[in-house]
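Good morning, everyone, and thank you for making time for this. I would like to walk through one structure slowly, so please keep it in view while I talk.

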Amino acid sequence: MADFLLDLSNAARSYLDTLDKKPFRQVTSKMVDLMKNPYPNDSILLKGQHRKLHRVDIGEHRIVYSVSNNIVMVENIDKRNDGAVYRF
C-alpha cells in the first residue's frame, strides 16, 4: 500500500505550535503513522458529519482528520476532554 500525503489545516498548525516537546513528539508521531495507515484500529468514524471525519486519540490529545485522494487532511487537534476539537 502506498503512503498517503499529509496536509494540516491552519488550526492544526496553530495548535502544534502551542505544544510542549513531549506532546508535540507524540502527536507528530501519530500523524506520521496515519500517513502509513489512515484507518488504524483505534480510529473512530464520527457521526453526523457531512463528510467522513475520523478521530484518533494520542496521549491527552485528539486528532480529527479526513482521508481523500491519498491525502490525510488533519482538520483539528485539541485536548481529549475538550469538545472544542469538534468545532472548526
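Let me begin with a question: in which strand is His-54 found? His-54 is found in strand 3, and I will come back to this residue once we have the whole fold in mind. Before going further, please remember that what you are looking at is a predicted model.

Let us start with the overall layout. The secondary structure of the protein chain comes to two helices and five strands, and if you read along the sequence you meet them in the pattern β-α-α-β-β-β-β. Of the 88 residues in the chain, 39% are buried, while the chain as a whole exposes about 5,700 Å², with carbon and sulfur atoms supplying 49% of that area. If we take the contacts whose separation in sequence is 6 or more, then 45% of them are between residues 24 or more positions apart.

Now to the sheet. The five strands form an open sheet in the order 1-5-4-3-2, and the pairing is mixed. The edge strands are strand 1 and strand 2, the latter covering residues 44-45, and each of them pairs on one side only. Helix 1, residues 10-18, packs on this sheet and touches strand 1, strand 4 and strand 5, with its direction making about 50° with that of strand 5. Helix 2, residues 21-36, also packs on the sheet, where it touches strand 1, strand 3, strand 4 and strand 5, and its direction makes about 25° with that of strand 4.

Let us go through the pairings one at a time. Strand 1, residues 5-8, pairs with strand 5, residues 71-79, in the parallel sense over four bridges, and within this pairing Leu-5 has Ile-71 of strand 5 as its bridge partner. Strand 4, residues 61-68, runs antiparallel to strand 5, and eight bridges join the two. Ile-63 has Ile-77 as its bridge partner in strand 5, and Ser-68 has Ile-71 there. The hairpin of strand 4 and strand 5 has two residues between the strands, and in that hairpin Asn-69 takes a positive phi near 50°.

On to strand 3 and strand 4, which are antiparallel and joined by five bridges. Here Asp-57 stands opposite Arg-62 in strand 4. The hairpin of these strands again has two residues between them, and Gly-59 takes a positive phi near 60°. Strand 4 itself is mostly covered, since six of its eight residues are buried.

Next, the helices, and which of their residues are buried. In helix 1 the buried residues are Ala-12, Tyr-15 and Leu-16. Seen down the axis of helix 1, these residues fall within an arc of 105°, so they line one face of the helix. Their cover includes strand 1, helix 2, strand 4 and strand 5, whereas the face turned away from the buried side carries the exposed residues Asn-10, Asp-17 and Thr-18.

For helix 2 we can do a small check on length. At 1.5 Å a residue, its 16 residues should span 22 Å, and the end C-alpha atoms are 23 Å apart, which agrees. The buried residues of helix 2 are Pro-23, Val-27, Lys-30, Met-31 and Leu-34. Looking down the axis of helix 2, we find them within an arc of 100°, so they too line one face of their helix. They pack against strand 1, helix 1, strand 3, strand 4 and strand 5, and the face turned away from them carries the exposed residues Lys-21 and Lys-22.

Finally, as promised, let us return to His-54 with one more question: is His-54 buried or exposed? Its relative accessible area is 11%, and because a residue counts as buried when that value is under 20%, His-54 is buried. And which residues is His-54 in contact with, leaving aside its neighbours within four places in sequence? They are Tyr-39, Ser-43, Ile-44, Leu-45, Leu-46, Ile-63, Val-64 and Tyr-65. Ile-63 is a residue we have already met, as the bridge partner of Ile-77 in strand 5.

Note on methods: Residues numbered from 1 in each chain as written. Predicted model: local features only at pLDDT ≥ 70, side-chain atom pairs only at ≥ 80, totals over all residues. Heavy atoms only, no water. Pairing = 2+ DSSP bridges. Buried < 20%, exposed > 50% of the residue type's maximum accessible area, 1.4 Å probe, protein only. Contact = heavy atoms within 4.5 Å. Areas by Shrake-Rupley, 256 points an atom, 1.4 Å probe, with all protein chains shown as cover. Axes fitted to C-alpha atoms, helices over the stretch in contact; angles between N-to-C directions. Arc of directions from axis to C-beta. Expected span 1.5 Å × (residues − 1).
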